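Subject: Structure handover

Hi,

As promised, here is the structure for you to look through. My notes on what turned up in it come straight after.

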Amino acid sequence: MDIQKNEELYNKLMSLVYYKVNEPIPSSTVIDIREELLSLAQQISCVNSYMSTHLIDLKNELFNEVAYQQFCLNPVIYGQTLEVVSFAKGQILSTNQTNSGNLCHLLHPDILRVSEKLYRDGNYAEAACNAFVEVNVRVKKIYQTLCPDDTNAPDGQALMNKVFADKDPVVDAADRSTQTGRDIHTGTRFLFAGAMAALRNPKSHENITIAKDDAMRRLIFASMLMFRLDEIVETFDNVS
């Protein structure tokens, strides 16, 4: 569940305190807050159905329509809404920590370092993007260590295709003297290059939304790539 959206909603509710009693509130503000309260209610419905139902009731009573398209704040309901939204934040944090904690043992330490807090805070797209950026950073460091004379190192998909090239690769992902080894090496290139094209780059070009479960799947895949790199660099004394 998205803790960042919860905090944004709480801040919007707090801004209502500047309106005087019976002072009209812009209808766009009313619509925005009602929609976000409904979204929050839907988020927490699976963990606290009572609170979810109560939030919907508060949404419907928070603003009094004193004239057509003119709304004023209901001060009694306003206080209750702030309390419930604040309590919901604790519910979301607890749920995120529980759900992510069950799988954290599957994640590579470097992926945990760059993505865990973002994931726990509900920033799923950024957590997933950072994981694959970290994979790219590590492969680039390997490339620069083994090819120090190349001052124009490739990046992303091009980097992976060069490092794990079928002909004259920078790194051997397996024993290429056998057909099985060659297949593993080529498959490794496909895994890394595909991850850069399909999972890292889209976030760089457009604003995307990723659900919690999908984000965790991506973190696990990025971790798999990192663990694969751990195995590969064991053969090099000066590469990490």
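Below I go from the whole chain to its hairpin, its helices and two single residues.

First, please keep in mind that this is a predicted model. The chain has 9 helices and 2 strands, and read from the N terminus its elements follow the order α-α-α-β-β-α-α-α-α-α-α. Of its 240 residues, 42% are buried. If you take the contacts with a separation of 6 or more, 66% of them link residues 24 or more positions apart.

The hairpin

Strands β1 (residues 63–67) and β2 (residues 70–73) run antiparallel and are joined by 4 bridges. To find your way around the pair, start at Asn64, which sits opposite Cys72 in β2. There are 2 residues between the strands of this hairpin, and Gln69 has a positive phi near 65°.

Thr81 in helix α4

Helix α4 covers residues 75–101, and Thr81 is part of it. Is Thr81 buried or exposed? Its relative accessibility is 0%, so Thr81 counts as buried, the cut-off for that being under 20%. Setting aside residues up to four places away in sequence, Thr81 touches four leucines: Leu13, Leu37, Leu58 and Leu62.

Helix α5

You may like a quick check on the geometry here. Helix α5 (residues 109–120) has 12 residues, and at 1.5 Å a residue it should span 16 Å; the C-alpha atoms at its ends are 16 Å apart, so the two values agree. The buried residues in α5 are Ile111, Val114, Ser115, Leu118, Tyr119 and Arg120. As a reminder, residues three or four places apart in an α-helix point the same way, because there are 3.6 residues a turn. Just after α5 comes Gly122, with a positive phi of about 90°.

Helix α6 and its two partners

Two packed helices are described by the angle between their axes and the distance between the axes. For α6 (residues 124–146) and α9 (residues 212–233), the angle is about 15° and the axes are 8 Å apart. Angles under 35 degrees count as roughly parallel, and α6 and α9 are therefore roughly parallel to each other. Their crossing is left-handed. On the α6 side the contact includes Tyr124, Ala127, Ala128, Ala131 and Phe132, and on the α9 side it includes Leu219, Phe221, Ala222, Leu225 and Met226.

The second partner is α7 (residues 156–163), whose axis comes within 10 Å of that of α6 and crosses it at roughly 45°. That angle makes α6 oblique to α7. This crossing, of α6 and α7, is left-handed. Here Val135, Asn136, Val139, Lys140 and Tyr143 of α6 meet Gly156, Leu159, Met160, Lys162 and Val163 of α7.

Asp172 in a loop

The last stop is Asp172, in the loop between α7 and α8 (179–205). Why does Asp172 count as partly exposed? Its relative accessibility is 42%, and partly exposed lies between the buried limit of 20% and the exposed limit of 50%. Leaving out neighbours within four places in sequence, Asp172 is in contact with His185 and Ile232. Thr186 is 14 residues away from Asp172 along the chain, and their C-alpha atoms are separated by 9.8 Å.

Happy to talk any of this over once you have had a look.

Best wishes

Key: Residues are numbered from 1 along each chain as its sequence is written. This is a predicted model: local features need pLDDT of at least 70, side-chain atom pairs count only at pLDDT 80 or more; totals for chains, interfaces and linings use all residues. Side-chain values use heavy atoms; hydrogens and water are left out. The expected span of a helix is 1.5 Å times one less than its number of residues. Buried means under 20% relative accessible area, exposed over 50%, partly exposed in between (1.4 Å probe, protein chains only). Two strands pair if DSSP finds at least two bridges between them. Axes are lines fitted to C-alpha atoms, for helices over the stretch in contact, and angles run from 0 to 180 degrees between N-to-C directions. Angles under 35 degrees count as roughly parallel, over 145 as roughly antiparallel, 65 to 115 as roughly perpendicular and the rest as oblique. A crossing is left-handed if the near helix is turned anticlockwise from the far one by less than a right angle, and right-handed if clockwise. Contact means heavy atoms within 4.5 Å.
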